[in-house]
Amino acid sequence: MEHSSPAGRVFRGVALTLILIFFMFPIVWIFLMSFQTNEQILRIPPRVLFEPTLANYEALISGQLRTAAGNLQISFMRNLFNSVVLSSAAVLLALLLGVPAAYAFARFKFRLGESIAFTLLSFRFAPPLLVLLPLSLYYQELGLNDTYFGIVWVYQLIALPLILWIVRGYFEDISPDIEHAYRLAGHSWREAFTRIAVPLAGPGIAAAGLLSFIFCWNNFVFALILASADKQPVTVGALAFVTASGIQYGQIAAAIVLSVTPTLLLALYAQRYLVEGLSLGAVKG
Amino acid sequence: MARLDINSVSKAFGAARPADGLSLAVEPGEIVAVFGPSGSGKTVLLRMIAGMFEPDDGDILIGGRSVVGAPPERRGIGMAFQNFALFPHMTARDNIASGLRASGNEVASRVAAISKLLKIEHVLSHAPRELSNGQKQRTALARALIGNPDVLLLDDPLRNVDAKLRYEMRLELPNLLRRGTAAVLYVTQDYREAMAIADRIAVLIDGRLAQVATPADIYAQPASVAIARLFGDPTINLAEVSPVAEHGVLSATVAGARMRLGAADGAAPAGACWLGVRPEDIAVSSASTDDAIPARILAITPMHEKAVLLLRLADGTEWLAALPPDVPHSAADDNVFVRFASDAAMLFDRATGLRIGPTHRLKAA
């Protein structure tokens, strides 16, 4: 990076542009598709210039899907609402459980501590299908099938290990002396945890929360098996667009745009917290 | 007003024993420096007093009450850390005030008083990352001092500040610390700092207290050769000798020359000893006498307030001499003769390293 000849600068510009186009193209194309009818989308060759229509969004929001075979009821808005509720609740629960656990793993040595932490991480390695069959049997037994709580619980398999391991690293980076100093100033360990450790690990907690929110949001298999129509998130709900009379590309595109928007906004909002305060200069480096 | 008593405290981490039967008492208002090479257990001792570790054995009492097992926040201890350990998300003011549970007005006035004393009033609204190392260190000191703790623990607080500030703080700290009635334990790796600040120095070597005495006593009468080597710059010169007593006079052969070591008394040492002579007690001249060691100057290091000569004695031993800078008219490769006064000689048992004999240095450092 230190030597940049004119040719190198041009090459870097071209390379960056190519990469940007490569990654942004699908998103832009989906965005354009969401304003087109199925006929316009399937036209060959595709056109960049077209007459935009809001029919796709109307169909989604009104829940009426008009196809060649007749009218279909879809519950996209319900699915979107489910996604928000399930992901938020799952992340909230995972933060409540995971942050204190991460602190314990970071600060205290206890028997089997490493093994427990690794076991929790290994939940991330296991393919979801591996646990789904026994899980669905248990859920039927426990009456947790098709409940919000049941899905939030199973989402802990996604969110909890992530939060635990990311936040643990942040806690380990905080000098224990800072907490010792706070305790010597006359505060209990609980106060040292809530007023020193958690604020200082804030960026890490935000990052872990955001990541696990996105992973929960994108999850498909758990909700597909464990929830029925009225509890399903958008990822499963999108299956409704594959109808007997063909695939509704326009509606799918509009649904994707709508379902990506919340996570995108959240990511943009949380971005500054991820960067801010990572190097606080508390301790002499 | 509470004294700190450490009663035969031991702590082991696996095979390492950073504290091995430590006993020490610090009176209210007294400053005791805990001095020792790195890894000798200084910080472990402080952390046991502060309650970050519990001792395996022994007891720690503050004001006569055992604090072993008590949580750190109930021990009445103020502590300044080597790495400052300021709370990065709070301003300097909130850092200092963090230990006070009092009404807003009282907090404000006490923070104002202590920050005026430490000359940090102008940076109170700054976050720690905006402070210089010196200001961080003063903020950490203010935080430790503000609660008027019974016991004040300072863990090498001047380690991370620049040389000029360290010098200033060495002058200021004793006055600052004596304002209160806290029993102060001051950990340092710098013998000069220990001598400048402390009423007494506790020399910690390998988890044991090798000597606890006033700075002057430790310099003049080190209990062992190991302690003698820790105090003084340049370090003390040593020679292997076997002293003999003749006609009531103790003497030893150093590099072929017979040197008088003072009057022999009943406890005259027998057998192998270390002879120790401080570099500043050595005189160098070009005139030969029978009580001078022939030597050759290998190098001269001018150090402004003194000149340090590296000498090779006739038997190959290398000694250092610290002379006033204007005295030596000598140059490297000159052949010279080395003398020292008999009362400057210290004898240590070669096997145990302990100091023997009546040869007391009267002159303090």
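These are my notebook entries on chain A of a predicted model.

**Ground rules.** I number residues from 1 along each chain as its sequence is written, and chains are lettered from A, with ligands numbered from 1, in the order in which they are written. Because the model is predicted, I accept local features at pLDDT of at least 70 and side-chain atom pairs at pLDDT 80 or more, while totals for chains, interfaces and linings use all residues.

**Overall form.** I looked up the secondary structure and found 13 helices and four strands in chain A (DSSP runs: H or I of at least four residues for helices, E of at least two for strands, numbered from the N terminus). The radius of gyration is 24 Å, well over the 19 Å that the globule rule gives for 285 residues, so chain A is more spread out than a compact globule. That radius is taken over C-alpha atoms, and the rule is 2.2 Å times the number of residues to the power 0.38. I also noted a box of roughly 75 × 70 × 30 Å, along the principal axes, for the C-alpha atoms of chain A.

**A helix pair.** Next I turned to α5(A), residues 113–125, and α7(A), residues 148–173, which pack at about 130 degrees with axes 8 Å apart. That angle makes α5(A) oblique to α7(A) (neither under 35, nor over 145, nor 65 to 115 degrees). Among the residues that meet are Leu120(A) and Phe123(A) in α5(A), and Leu160(A) and Trp165(A) in α7(A) (contact: C-beta atoms, placed from the backbone, within 7 Å).

How values were computed. Axes are lines fitted to C-alpha atoms, for helices over the stretch in contact, and angles run from 0 to 180 degrees between N-to-C directions. Two residues are in contact if their C-beta atoms, placed from the backbone, lie within 7 Å.
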